[in-house]
Amino acid sequence: MQGDSELIDKILSLKKERNAVILAHNYQLGEIQDIADFVGDSLELSQNAAKTEAEVIVFCGVHFMAETASILCPDKIVLLPDIHAGCPMADMVTAEGLRERKKELPGATVVCYINSSAEVKAESDICCTSANAVKVIESLDAKEILFVPDQYLGHYISTRTDKKMILWPGFCATHIRIQPQYITDLRREYPQAKVAVHPECRPDVIALADEVLSTGGICRYARREDVTQMIVGTEIGIIHRLRKENPGKRFIPVSEQAVCPRMKLITLENVLWSLQEMTPEIKVPEEIRLKAKAAVDRMLKAV
Ligand code: 13P
Ligand code: SF4
């Protein structure tokens, strides 16, 4: 067994040799965030992937994020250190299921959350992330919008727009563990604290928050001078970054149970293995990629 510092040294030297960049999502284990070249939310990660000059992207996140990097950078090798690191919510809509629903709603514009497969993106008109969802929906000249797959993000957007939205019944099993009672109790314990939650939370949780933000938005909000204590309603991995970037401030997770097990599949061991073996590679077939890219490009242009 190798110690962490030995693993880290090997990863960093192999990363150089392979001309690779390590991108990590805000929910990754602390030790993975610490070796990454960039840590961010889904939108920031895809923007970063699109502009990197590295030949290899080691994606420390879940499958749809690595796929989005592959959609945007077909000439790069995109590695996902554990092929089982998929987002269960993204799997709640399939391309076939979406095609069937589209037949029932022929006039609807289809908006897919970035937490979806490349095949689903290819069936969609435009994509969005938690950071730009309201802006994307507002930019559309659409009578009716079919939003897939997260019903809770979809519901949150529908409270911020007059557009008619039809919601797919997907959800994030990690975020729905957060109960309103946890926030009420913590507010009593920390009356000075601001409450920031992710829009994948249930509406009764969102109703209790001061801010509803993407994970990148939560990190920016934490830097504000008037925020000295924060009750954080999202996956627990973000606490590492918040504490690291804001020494002296207090961050209280709403629930220790808000863990995304798939995000935690990425480890120092499999990052090193992935760079050594150059596998598992995530590659989207060209026909699907071009259609999916159109939906992602429309999003990047709209906001
Ligand atoms: P962000 O884009 O806000 O980081 O969210 C991604 C995600 O999977 C939330 O569960
Ligand atoms: Fe998917 Fe939820 Fe995990 Fe985010 S936290 S990757 S939405 S399962």
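A polar contact here is a pair of N or O atoms within 3.5 Å. With that cut-off in hand, the ligand sites of this predicted model can be walked through, starting with ligand 1. Glu200 puts a polar side-chain atom 2.8 Å from an oxygen atom of ligand 1. Taken alone, ligand 1 exposes 300 Å², and the protein buries 95% of that. His25 also reaches in, with a polar side-chain atom 2.6 Å from an oxygen atom of ligand 1. For Tyr27, the corresponding separation between a polar side-chain atom and a ligand 1 oxygen is 3.5 Å.

The wider shell of ligand 1 takes in His25, Tyr27, Asp41, Ser42, Asn115, Ser130, His175, His198, Glu200, Ser214 and Thr215. Sorted by class, that shell holds one nonpolar, eight polar and two charged residues. As for where all this happens, ligand 1 sits in the largest pocket.

Ligand 2 sits in the largest pocket as well. Around ligand 2 are Tyr27, Val62, Cys87, Pro88, Met89, Asn115, Cys172, His175, Glu200, Cys260 and Met263. Some names turn up in both shells: Tyr27, Asn115, His175 and Glu200 are listed for ligand 1 and again for ligand 2. The chemistry of the second shell reads quite plainly, with eight nonpolar residues, two polar ones and one charged one. Set beside this, the shell of ligand 1 has one nonpolar residue and eight polar ones.

Now for the pocket itself. The largest pocket offers about 310 Å³ of space. Its lining runs to 26 residues, and those closest to the pocket centre are Tyr27, Cys87, Asn115, Cys172 and Glu200. Each of these central residues also appears in the shell of ligand 2. Going by class, the lining of the largest pocket comes out at 14 nonpolar, eight polar and four charged residues.

The second largest pocket comes in at about 220 Å³. Here 13 residues form the lining, and Ser130, Ala131, Val134, Tyr156 and Val212 lie nearest the centre. Ser130 is a familiar name, as it also belongs to the shell of ligand 1. Helix H7 (133-138) and helix H11 (215-222) each contribute at least two lining residues to the second largest pocket. H7 gives the most, with three residues. The lining of this pocket splits into seven nonpolar, four polar and two charged residues.

Closed-off space is another matter. Rolling a probe the size of a water molecule over the atoms shows where empty space is left. In this model the search turns up one cavity of 30 Å³ or more, and the largest cavity has a volume of about 40 Å³. The lining of the largest cavity is made up of Ser42, Leu45, Ser46, Ala49, Phe59, Met65, Thr68, Ala69 and Ile114. Two helices stand out, as helix H3 (42-51) and helix H4 (63-72) each supply at least two residues of that lining. H3 gives the most, with four residues. By class, six of the lining residues are nonpolar, three are polar and none is charged. Ser42 ties the cavity to the ligand story: this serine lines the largest cavity and is also one of the residues around ligand 1.

A few backbone details round off the picture. Val148 and Pro149 are joined by a cis peptide bond, with omega at about -10°. Pro149 has its place in the loop between strand S7 (144-148) and helix H8 (151-158). A second cis bond runs from Thr279 to Pro280, and its omega is near -10°. This proline, Pro280, is found in the loop between helix H13 (268-277) and helix H14 (286-302). Asn19 is a curiosity of another kind, with a positive phi of about 55° although Asn19 is not a glycine. Like the two prolines, Asn19 belongs to a loop, in this case the one between helix H1 (4-17) and strand S1 (20-25).

Key. Residues numbered from 1 in each chain as written. Chains lettered and ligands numbered in written order. Predicted model: local features only at pLDDT ≥ 70, side-chain atom pairs only at ≥ 80, totals over all residues. Heavy atoms only, no water. Near = heavy atom within 4 Å. Polar contact = N/O pair within 3.5 Å; in protein donor to acceptor, adjacent residues only side chain to side chain. Areas by Shrake-Rupley, 256 points an atom, 1.4 Å probe, with all protein chains shown as cover. 1 Å grid on protein atoms, 1.4 Å probe; cavity = no way out; pocket = protein on both sides within 12 Å on 5 of 7 lines; lining within 4 Å. Sits in = over half its atoms within 2 Å of the grid points. Nonpolar A, V, L, I, M, F, W, Y, C, P; charged D, E, K, R; others polar. Points joined across faces, edges and corners; volume = space filled by probe spheres on them.
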